[in-house]
Amino acid sequence: MILQKTREEIELMRESALIVSKTLGMIASEIKPGITTLQLDKMAETFIRDHGAVPGFLGLYGCPSTLLTSVNDQVVHGLPTNKPIEEGDIVSVDCGALKNEFYGDHAYTFEIGEVAEETRKLLQVTKESLYVGIREFRLGNRVEDVGYAIQKYTEGHGYGVVRELVGHGLGRKMHEDPEMPNYGKRGRGKLFIEGMVVAIEPMINMGTKNIKQLKDGWTIVTRDGKPSAHFEHDVAIIDGKPELLSTYAYIYKALGIESDEENEFRREPITV
Ligand code: MG
Ligand code: MG
């Protein structure tokens with residue numbers, strides 16, 4: 001059953017989402033060649049607790065970390081390690097936080113220094129597909145309208161859409177109804193309702209859509225060893241339209257990037 005949130009609950013969820021957004025902004029200033037994902041993980045845990053929240057992933061389903069850090073051909077659920085990040089890597093950082101009994105869940109794929117042009121393109125298209133999907137998250141549409149749009153856009157660039165892992169409803173639980181696949185057929189699935197909140201999160205592979213899990217029981221990698229990208233926003237339906245609760249504004253500030261990509265999904269522009 002899809003849970004409808006009140007305006008007050010949505011504002012609490014915005015607070016949780018913004019803590020994750022700020023955490024990823026902090027990570028954006030720290031992530032560079034030589035640092036390990038385990039170091040970033042400790043920084044993120046401290047940052048989240050300093051902001052009066054609790055890491056959302058730590059302990060959930062037995063997860064040992066605050067961040068999930070997926071490097072290059074790792075799709076999602078990469079566990080932080082002692083291996084230094086290298087120039088030319090891409091690192092998907094997925095982070096959750098729990099505050100006031102509500103979860104935020106938000107992810108960004110970072111480029112480390114100079115990244116291969118075809119990899120940059122994968123990141124750009126995957127992030128664009130996130131907004132293409134969010135645009136379909138509105139009253140009158142159904143679950144698979146979002147997935148259809150993401151799939152059409154990314155497959156149009158020759159990329160593979162991961163099937164086994166999907167976005168999800170978000171609230172007092174990290175994973176609520178409905179599942180939000182990044183593929184589908186127009187007009188299928190549950191109808192969207194006012195006040196619902198979901199995490200939309202395309203996981204897009206440069207090559208094959210096929211994946212496998214490593215022996216650590218967590219890390220998901222592409223079957224062909226080619227890179228994969230992951231971008232995730234938390235979105236509510238307010239007045240029938242999608243409204244972003246999370247933001248990349250903190251990341252963009254840290255990286256000196258100018259972007260107006262989020263404006264169409266906000267009633268008020270965000271200032272950081
Ligand atoms: Mg996530
Ligand atoms: Mg998620």
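In what order do the three strands of the open sheet stand, and is their pairing parallel or antiparallel? The order is 6-10-13, and the pairing is antiparallel. This is a predicted model, in which local features need pLDDT of at least 70, side-chain atom pairs count only at pLDDT 80 or more, and totals for chains, interfaces and linings use all residues. Residues are numbered from 1 along each chain as its sequence is written, chains are lettered from A and ligands numbered from 1 in the order in which they are written, and side-chain values use heavy atoms, with hydrogens and water left out. The points below cover the two magnesium ions, the strands, the aromatic rings and the largest pocket.

**Metal sites**

- The magnesium ion (ligand 1) is held by Asp94 (OD), Asp94 (OD), Asp105 (OD) and Glu232 (OE), at 2.1 to 2.5 Å. Donors here are N, O and S atoms within 2.8 Å of the metal (3.2 Å for Na, K and Ca), and since water is not among the atoms, sites may look incomplete.
- Along the chain, the donors of ligand 1 have the spacing D-x10-D-x126-E. Asp105 lies in strand 5 (residues 102-111) and Glu232 in the loop between strand 13 (228-230) and strand 14 (233-238), so this pair links distant parts of the chain, 127 residues apart. Helices (H or I, at least four residues) and strands (E, at least two) are DSSP runs, numbered from the N terminus.
- For the magnesium ion (ligand 2), the protein donors are Asp105 (OD), His168 (NE2), Glu201 (OE) and Glu232 (OE), which lie 2.0 to 2.2 Å from the ion. Their spacing in sequence is D-x62-H-x32-E-x30-E.
- Glu201 sits in the loop between strand 9 (197-200) and strand 10 (203-205), and Glu232 in the loop between strand 13 and strand 14, so the pair ties together parts that are 31 residues apart in sequence.
- The two magnesium ions are 3.2 Å apart, and Asp105 coordinates both.
- Asp105 is buried at a relative accessible area of 2%, and Glu232 is buried at 0%. Buried means under 20% relative accessible area, exposed over 50%, and partly exposed in between (1.4 Å probe, protein chains only). Glu201 is buried too.

**Strands**

- In the open sheet, strand 6 (160-161) and strand 13 are the edge strands, each pairing on one side only. Two strands pair if DSSP finds at least two bridges between them.
- Strand 10 pairs with strand 13 over three bridges, and Met203 stands opposite His230 in strand 13.
- Strand 7 (residues 167-169) and strand 8 (residues 176-180) run antiparallel and are joined by three bridges. The two form a hairpin with six residues between them.
- His168 has Glu179 in strand 8 as its bridge partner. His168 is also one of the donors of ligand 2.
- Gly171 is in the loop between strand 7 and strand 8 and is buried, with a relative accessible area of 0%. From Gly171 to Pro64 the separation is 107 residues in sequence and 22 Å in space, C-alpha to C-alpha.

**Aromatic rings**

- There are eight aromatic pairs. Rings of Phe, Tyr and Trp (its six-membered ring) pair if their centres lie within 6.5 Å; planes under 30 degrees apart count as stacked, over 60 as edge-to-face and the rest as tilted.
- Tyr108 and Phe231 have ring centres 5.1 Å apart and planes at 85°, so this pair is edge-to-face. Tyr108 is in strand 5 and Phe231 in the loop between strand 13 and strand 14, 123 residues apart.
- Tyr108 is buried at 7% relative accessibility, and Phe231 is buried at 1%.
- One aromatic cluster is formed by Tyr108, Phe110, Phe231, Tyr248 and Tyr252.

**Largest pocket**

- The largest pocket holds about 380 Å³ of space. On a 1 Å grid over the protein atoms alone, a pocket is an open set of points where a 1.4 Å probe fits, with protein on both sides within 12 Å along at least five of seven lines; lining residues have an atom within 4 Å of a point. Its volume is the space filled by probe spheres set on the points, which are joined across faces, edges and corners.
- The lining has 17 residues, and the closest to the pocket centre are Tyr108, Glu111, Arg120, Leu123 and Ile257.
- Strand 5, helix 3 (117-134) and helix 5 (249-255) are the elements that give two or more residues to the lining. The largest share, six residues, comes from helix 3.
- By class, the lining has 10 nonpolar, two polar and five charged residues. Ala, Val, Leu, Ile, Met, Phe, Trp, Tyr, Cys and Pro count as nonpolar, Asp, Glu, Lys and Arg as charged, and the others, Gly among them, as polar.
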